Amino acid sequence: MRQLTAVASGILRSAAGEGPGRGALPWLATSYAGSGDQGGALPRGSRIATAGGTRPPGAASTALALRDLVDGALRAAESHLGEGEPVDEFGFDPGFNARVLLPIARFFYRHWFRVQIRGLEHVPAEGAALVVANHSGTLPVDALMLQAGLHDEHPAGRNLRVLGADLVYEIPLVSVLARRGGHTRAAPANADALLRAGEVVGVFPEGFKGIGKPFADRYQLQRFGRGGFAATAIRAGVPLIPCAIIGAEEIYPMIGNATKVADLLRLPYFPITPLFPWLGPLGMVPLPSRWIIEFCPPVPTNGYRPGDEADPAAVFDLSGRVRGTIQRKLDDLLTERGSAF
């Protein structure tokens, strides 16, 4: 606790411009009076001069100020956290994951979302496999719940190595925590290396199309990209394990997307929910929906021949079978669960 307090104090001092991080956020001292704030959209490229450079005026300036504030605080936190002692080439630290990250995820898994997990017998106790799951919920909380469930409830206590979007590794602090928690940038070479090492790898083929879709489209799978996960499984000769997750769609019901704000913050979308941004930070608390996670029987790939991973027809067929399995299981679980709350 004393260590966490010291880290938090250091973060606040750095964000405030004191100590080692002094001057990290010089633009905070800049007055925006007279910036021409009309509260509306601005032509792309409009700029004003500030102590930290030039910025678009008005509402755009406010959005950029928020982005820089968060960025500065995260960098300060990252500098105090440090890199630790990574155990593998991707920076995964099982000790840090078990001591720091999993207890946080475990609270939400057990007490907030009351997750039921099924089909664990389909995940091998040892050796490589590729788990393919639907993705939803505005923020990728489903990936964390999937990790927590597999670690805590699988008889072998397996760590799920999640393949994440590039954006995760461009955000200060978040990138360090992701790596130390077993996440890795989604790339064929990384997936191949993890599978060769005998890891259980998790992939969410819908990507941002899944977590950023409107609430009206909940539990309707989006396009699975080009089927790269299927090519990876064929190349590695590992089974594909379809996984259906329900509950995540309701934690932040996305009823709108502020695209201009998203552009300013360099995000794929900026969600509008019934509570966010209207209630400020309180609106970021996820709603306590009831979750079910179910692993389906594996889809084997040992019947494919070398080179089939480059055959678009084979990849499309395998990807489509996995996608269809997940969609059918989602439909069944929704009927079984009934009310989300």
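Me: When do two strands count as paired?

Reply: Two strands pair if DSSP finds at least two bridges between them. Keep in mind that this is a predicted model.

Me: How many bridges join E4 and E8, and in which sense do they pair?

Reply: Four bridges link E4 to strand E8 (residues 240-246), and the sense is parallel. For a residue to look at, take Val131, which sits opposite Ile241 in E8.

Me: What is the strand order of the sheet that holds them?

Reply: The order reads E3-E11-E8-E4-E7-E5-E6. That is an open sheet of seven strands, and its pairing is mixed.

Me: Which strands stand at the edges?

Reply: E3 and strand E6 (184-185) do. Each has a single partner strand, so one side of each has no neighbour in the sheet.

Me: On to cysteines. What is a disulfide?

Reply: It is a covalent bond between the sulfur atoms of two cysteines. To call one here, the two sulfur atoms must lie within 2.5 Å. By that rule the count is zero.

Me: How far from Cys243 is the nearest cysteine sulfur?

Reply: The nearest cysteine sulfur belongs to Cys296, 7.2 Å away, and Cys243 is in no disulfide. Cys296 is in no disulfide either; its nearest cysteine sulfur is that of Cys243.

Me: Is Cys243 buried or exposed?

Reply: Buried means under 20% relative accessible area. Cys243 has 0% relative accessibility, so it counts as buried. Cys296 has 2%, so Cys296 counts as buried as well.

Me: Now the backbone. What sign of phi do most residues other than glycine have, and what form do most peptide bonds take?

Reply: Most such residues have a negative phi, and most peptide bonds are trans. Now look at the cases here. Arg114 is not a glycine, yet its phi is positive, about 50°. Thr138 is not a glycine either, and its phi is positive too, about 75°.

Me: Where do I find Arg114 and Thr138?

Reply: Both are in loops. Arg114 falls between helix H3 (94-112) and strand E3 (116-118). Thr138 falls between strand E4 (129-133) and helix H4 (141-153).

Me: Is Thr138 buried or exposed?

Reply: Thr138 is buried, because its relative accessible area is 6%. Arg114, at 35%, is partly exposed.

Me: Which form does the peptide bond from Phe276 to Pro277 take, cis or trans?

Reply: The bond is cis, with omega near 5°. Look for Pro277 in the loop between strand E10 (271-272) and strand E11 (292-295).

Conventions: Residues numbered from 1 in each chain as written. Predicted model: local features only at pLDDT ≥ 70, side-chain atom pairs only at ≥ 80, totals over all residues. Heavy atoms only, no water. Buried < 20%, exposed > 50% of the residue type's maximum accessible area, 1.4 Å probe, protein only. Helix = DSSP H or I, 4+ residues; strand = E, 2+ residues; numbered from the N terminus.
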